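Colleague: I would like to go through this model with you. Could you show it to me before we begin?

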Amino acid sequence: MVSASASNVSAILLLFLSIISTSRVAFSGKFYQDFYITWGGDDHSKMLNNGELLTVSLDNISGSAFESYNQYLYAKIDMQIKLVAGNSAGTVTTFYLSSTGSYHDEIDFEFLGNLSGDPYILHTNVFCQGKGNREQQFYLWFDPTADFHTYSILWNPQNIIFLVDGLPIRQFKNLESYGIPFPNYQPMRLYSSLWNADNWATRGGLVKIDWTQSPFTASYRNFNADGCIWSYGTSSCDSNSPNSNANKGAWYWEKLDYSDQGKMAWVQNNYMIYNYCTDTKRFPQGFAPECYLTNLP
């Protein structure tokens with residue numbers, strides 16, 4: 001584990017970089033065009049402001065969830081989210097890409113609630129062919145309940161990059177040439193949910209949900225997707241598809257440059273609180289093979 005403290009100078013620099021990065025993100029779409037409610041119904045999920053705002057809620061009756069109409073085989077996904085405020089212990093808000101089936105692929109953002117005044121934990125994971133156990137967790141350098149912040153997944157043939165307000169926090173490279181699986185053949189939908197996970201989410205399940213604080217509500221806006229849409233067994237980025245090169249765009253080739261690697265190192269050195277690649281107690285027989293190949297280009 002790495003200390004979550006940082007100097008004031010670094011914090012100011014990161015805030016400045018966040019503002020610049022966020023200003024570069026382009027947004028489009030309305031929620032009713034891109035998503036449908038799958039759990040909780042109108043009582044727990046609402047599309048407001050002519051479809052520009054979506055809220056999900058959790059109470060002792062039900063949680064809520066939605067998913068995208070489109071499937072993607074590679075995409076750059078951006079979503080602005082404002083998390084559950086106050087005592088959110090036991091709640092989990094999710095934002096992730098996933099295929100289906102027992103050998104599914106999945107790219108996860110999960111936000112683990114906590115007691116008032118304690119920080120949220122941002123939980124990330126990557127599943128390849130049904131196997132996960134690639135968790136990295138972070139504290140955030142801001143209050144994610146006070147305002148909207150942009151959470152992004154960049155998934156292309158080269159790598160998966162997790163970003164917060166445009167800053168990379170994690171990279172999972174395509175190392176198939178070394179025999180390491182990478183999600184590259186199963187199309188995925190985008191999912192999001194708010195649910196009761198008080199059996200594990202906060203301090204290993206020691207802290208339970210205080211239902212007197214319900215309903216718990218998270219809000220979403222400014223969804224954007226640049227991606228290869230999968231339809232009837234064909235990707236919009238296939239060479240024989242119309243406008244295939246335009247559909248790919250710059251995101252399709254994007255990797256971390258030297259500057260991006262420095263920003264990611266800053267976040268990981270100061271805010272990462274768990275890394276599966278350093279957990280000797282959990283993996284006494286050795287780490288996943290990609291853990292030994294992190295310095296490859």
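**A conversation about the model**

Modeller: Let us start with R134, which is placed in the loop between β7 (121-127) and β8 (136-138); strands here are DSSP runs of E of at least two residues and helices are runs of H or I of at least four, numbered from the N terminus. The model is predicted, so local features need pLDDT of at least 70 and side-chain atom pairs count only at pLDDT 80 or more, while totals for chains, interfaces and linings use all residues. Residues are numbered from 1 along each chain as its sequence is written, and side-chain values use heavy atoms, with hydrogens and water left out.

Colleague: Is R134 buried or exposed?

Modeller: R134 counts as buried because its relative accessibility is 6%; buried means under 20% relative accessible area, exposed over 50%, and partly exposed in between, with a 1.4 Å probe and protein chains only.

Colleague: Which backbone oxygen does the side chain of R134 reach at 3.2 Å?

Modeller: That of V126. In addition, a polar side-chain atom of R134 lies 2.8 Å from the backbone oxygen of K131. A polar contact is a pair of N or O atoms within 3.5 Å; within protein, one must be able to donate a hydrogen and the other to accept it, and residues adjacent in sequence count only if both atoms are side-chain atoms.

Colleague: And which residues is R134 in contact with, leaving aside neighbours within four places in sequence?

Modeller: Among them are T124, F127, R170, Y276 and E290, where contact means heavy atoms within 4.5 Å.

Colleague: Changing topic, how many aromatic pairs are there?

Modeller: The count is 22 aromatic pairs. Rings of Phe, Tyr and Trp (its six-membered ring) pair if their centres lie within 6.5 Å; planes under 30 degrees apart count as stacked, over 60 as edge-to-face and the rest as tilted. F109 and F111 are a stacked pair, 6.1 Å centre to centre with 10° between the planes, and both F109 and F111 are buried. The pair of W141 and F142 is edge-to-face, because the planes stand at 90°, with the ring centres 5.5 Å apart.

Colleague: Which residues do ring pairs link into a cluster?

Modeller: F31, F35, F66, Y220 and F223 are linked in that way.

Colleague: What about helix α5: what span should its 14 residues have?

Modeller: Helix α5 (residues 258-271) should span 20 Å at 1.5 Å a residue, and its end C-alpha atoms are 20 Å apart, which agrees. The expected span is 1.5 Å times one less than the number of residues. The buried residues of α5 are D260, K263, M264, W266, V267, N270 and Y271. They cover an arc of only 150° around the axis, so they are on the same side of α5; the arc is that of the directions from the helix axis to the C-beta atoms.

Colleague: Where is there a cis peptide bond?

Modeller: From S214 to P215, with omega near 5°. P215 is in the loop between β12 (188-196) and β13 (216-231).

Colleague: Finally, what is the mean pLDDT of the protein?

Modeller: The mean is 89, and 88% of the residues reach 70 or more; pLDDT is the predictor's confidence in each residue, from 0 to 100. Over residues 1-27, pLDDT stays under 50. Where pLDDT is low, the predicted coordinates should not be read in detail.
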